[in-house]
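Student: I have the sequence and the model open side by side. Please pick one part of it and walk me through that part closely, with the cut-offs as you go.

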Amino acid sequence: MDTLPEPSTPAGRDALAALLAEPARALVALDFDGTLADIVADPEQARAHPGAVPALAALAPHVASVAIVTGRPAGVAVRYGGFAGAAGLEHLVVLGHYGAERWDARSGTVNAPAPHPGIAAARGELPGVLDAHGAWRGTWVEEKGQAVAVHTRRASDPEAAFEALRAPLAELAARHGLILEPGRLVLELRPPGVDKGVALEAYVREVGARCVVYAGDDLGDLPAYAAVEKLRSDGVPGLLVCSGTAIPELAEQADVLLPGPAEVTAFLAGLAERIAG
Ligand SMILES: O=P(O)(O)OC[C@H]1O[C@H](O[C@H]2O[C@H](CO)[C@@H](O)[C@H](O)[C@H]2O)[C@H](O)[C@@H](O)[C@@H]1O
């Protein structure tokens, strides 16, 4: 990316200017699937764009921190991202399970809470609930450890399966003290208590960032966007980047709208280049 895209809003332009003026005080936080990795039919085949690690590694030494904030288990995002042991990413942090888990490149370890008992109970009932509501051909269950997700992308009618399963899965989640987290053709049953907004705000405080960039593509990124809006109202400049237009609410709020992970990667590389001069 020879020239950085001009943010479409005054707040976005202020944030980009603040970042370029004082990069050492900035946090750059990114979602994984759909933002750094292309959306693919099989979630186990998702991998970071080949330019993502080099771009993040070029940027990281210039900013206060680079973090991945994902709905994936932290260890899975580290593996699919190719983040472990990457030169330049020695301080990378991955906040997984919407912030409930954390992997630190410094230690190479994942910190995770005790599993919520509702997950095992809901998992046990899930096949019966799926059967009772159409047993959509091609529906796939992702075992996430701290959560369980029902994917409809490969169902015979992905949107219809998503809509048909939404209410029964919300009911199953509620019965076991869980919440239903909807995403791009995925319905996830997970413990309550944390979201990407809570995680982002806490991490901003931890690193003392005075400027934030957040990039995302999905419904689960809306709380992070809201956290950036709140930080802005507290005087911390924030730049909202959206990858793709799958979620119109996100695209409409963004200061910078990019087509997908290839362009997000180019944007990160462009930032690094501009900062390095
Ligand atoms: O917070 P994220 O990093 O964006 O993770 C959100 C969910 O991403 C994955 O599902 C999505 O990507 C899959 C692979 O491209 C795609 O097949 C699926 O339709 C998408 O919803 C992942 O499987 C989930 O566990 C994450 O919560």
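Tutor: Happily; let's take the place where the domains meet, with domain bounds that come from an automatic or database domain assignment. This is a predicted model, with residues numbered from 1 along each chain as its sequence is written, and local features need pLDDT of at least 70. Side-chain atom pairs count only at pLDDT 80 or more, totals for chains, interfaces and linings use all residues, and side-chain values use heavy atoms, with hydrogens and water left out.

Domain 1 is made of 10-113 + 194-276, and domain 2 covers 117-190. Their centres, taken over C-alpha atoms, are 27 Å apart. Where they touch (heavy atoms within 4.5 Å), domain 1 contributes 23 residues and domain 2 contributes 14 residues. The domain 1 side has twelve nonpolar, four polar and seven charged residues; in this scheme Ala, Val, Leu, Ile, Met, Phe, Trp, Tyr, Cys and Pro are nonpolar, Asp, Glu, Lys and Arg are charged, and the others, Gly among them, are polar.

Now the buried area, meaning the accessible area (1.4 Å probe) that two parts lose on being put together, summed over both. The two domains bury about 1400 Å² between them, with 56% of it on carbon and sulfur atoms. On the domain 1 side, Pro43, His97 and Tyr98 lose the most area to domain 2, together 30% of what that side buries.

Charged pairs are there too: three salt bridges cross the interface, each a side-chain nitrogen of Lys or Arg within 4 Å of a carboxyl oxygen of Asp or Glu. In your viewer, look also at the salt bridge between glutamate 142 and arginine 72, whose closest N and O atoms are 3.5 Å apart.
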